[in-house]
Amino acid sequence: MPKLYFDTALGGHKAAFNCARALVGIEHLVYGSDHFMAGNQFMKMTNAFLESLDLSESDKEKIYSGNALRFLRM
């Protein structure tokens with residue numbers, strides 16, 4: 001599934017996150033929010049959820065920006 005990516009929009013369910021990670025790998029998970037205005041509650045909840053997971057700093061960097069920069073070729 002080299003072209004399939006999942007974002008973290010309105011995430012917060014550990015089992016769903018783990019399922020997506022098992023299906024496509026950490027390299028195909030990207031940070032996302034359906035409510036992208038700076039400082040809103042959904043971004044804070046997404047950030048808190050991601051920080052609560054047992055992820056390496058490298059994996060967090062991939063989700064927060066690295067994967068998107070790579071597939072957008074930036």
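The following exchange introduces a predicted model through questions on its side-chain pairs, its surface and its burial.

User: How many aromatic pairs does the predicted model hold?

Analyst: A pair of aromatic rings is described by the distance of the centres and the angle of the planes. Rings count as a pair if their centres lie within 6.5 Å. By this rule, the count of aromatic pairs is three.

User: Is the pair of Tyr5 and Phe71 stacked, tilted or edge-to-face?

Analyst: The ring centres of Tyr5 and Phe71 are 4.4 Å apart. Stacked pairs have planes under 30 degrees apart and edge-to-face pairs have planes over 60, with the rest counted as tilted. The planes of Tyr5 and Phe71 stand at 40°, so this pair is tilted.

User: How many residues apart in sequence are the parts that Tyr5 and Phe71 tie together?

Analyst: Tyr5 belongs to the segment before E1, whereas Phe71 belongs to helix H3. Tyr5 has a relative accessible area of 24% and is partly exposed; Phe71, at 34%, is also partly exposed. Because the two rings sit in these separate elements, their pair ties together parts whose separation in sequence is 66 residues.

User: What is the geometry of the aromatic pair of Phe17 and Phe49?

Analyst: The centres of the Phe17 and Phe49 rings lie 6.1 Å from each other. Their planes make an angle of 75°, and planes over 60 degrees apart count as edge-to-face. The geometry of this pair is therefore edge-to-face.

User: Which helices does the pair of Phe17 and Phe49 tie together, and are these residues buried or exposed?

Analyst: Residues under 20% relative accessible area count as buried. Phe17 stands at 7% and is buried, and Phe49, at 13%, is buried as well. Phe17 lies in one helix and Phe49 in another, 32 residues apart in sequence, so the pair ties together H1 and H2 (residues 41–52).

User: How many salt bridges are there, and how far apart are the N and O atoms in the one between Lys62 and Glu27?

Analyst: Side chains of opposite charge can pair when their charged atoms come close. The structure has four salt bridges. In the one that joins Lys62 to Glu27, the N to O distance is 3.4 Å.

User: Why does the salt bridge of Lys62 and Glu27 tie together parts that are apart in sequence?

Analyst: Lys62 is partly exposed at 21% relative accessible area, and Glu27 is partly exposed at 34%. Glu27 also has contacts beyond its sequence neighbours, including Tyr5, Asn67 and Arg70. Because Lys62 is in helix H3 and Glu27 is in the loop between H1 and E2, the pair links parts with a separation of 35 residues.

User: Which residues are joined into one network by salt bridges that share partners?

Analyst: Lys62 meets Asp59 in a salt bridge at 3.9 Å, N to O. Both residues are in helix H3, three residues apart, which is about one turn of the helix. Lys62 also has a salt bridge with Glu27. The network formed through shared partners consists of Glu27, Asp59 and Lys62.

User: Is Lys60 buried or exposed, and which residue is its salt-bridge partner?

Analyst: Lys60 is found in helix H3 and touches Leu50, Glu51 and Leu55, leaving out residues up to four places away in sequence. With a relative accessible area of 9%, Lys60 is buried, whereas Glu51 is partly exposed at 42%. The closest N and O atoms of the salt bridge are 3.0 Å apart, and the partner of Lys60 is Glu51.

User: Where does Thr8 lie, and which backbone nitrogen lies 2.9 Å from a polar atom of its side chain?

Analyst: Thr8 is in the loop between strand E1 (6–7) and helix H1 (14–24). Its relative accessible area is 9%, so Thr8 counts as buried. Among its contacts beyond four places in sequence are Val30, Leu50 and Ile63. The backbone nitrogen at 2.9 Å from the side chain of Thr8 is that of Gly32.

User: What is the accessible area of the nonpolar patch that includes Leu72?

Analyst: Leu72 is located in the segment after helix H3 (57–71). On the surface, Leu72 forms a nonpolar patch with Leu69, Phe71 and Met74. Together, these residues have an accessible area of about 420 Å².

Terms used:
Residues numbered from 1 in each chain as written. Predicted model: local features only at pLDDT ≥ 70, side-chain atom pairs only at ≥ 80, totals over all residues. Heavy atoms only, no water. Patch = residues over 30% accessible without salt bridge, like charges linked within 9 Å, V, L, I, M, F, W, Y side chains within 5 Å. Areas by Shrake-Rupley, 256 points an atom, 1.4 Å probe, with all protein chains shown as cover. Salt bridge = Lys/Arg side-chain N within 4 Å of Asp/Glu carboxyl O. Helix = DSSP H or I, 4+ residues; strand = E, 2+ residues; numbered from the N terminus. Buried < 20%, exposed > 50% of the residue type's maximum accessible area, 1.4 Å probe, protein only. Polar contact = N/O pair within 3.5 Å; in protein donor to acceptor, adjacent residues only side chain to side chain. Contact = heavy atoms within 4.5 Å. Phe/Tyr/Trp six-rings, centres within 6.5 Å; stacked < 30°, edge-to-face > 60°.
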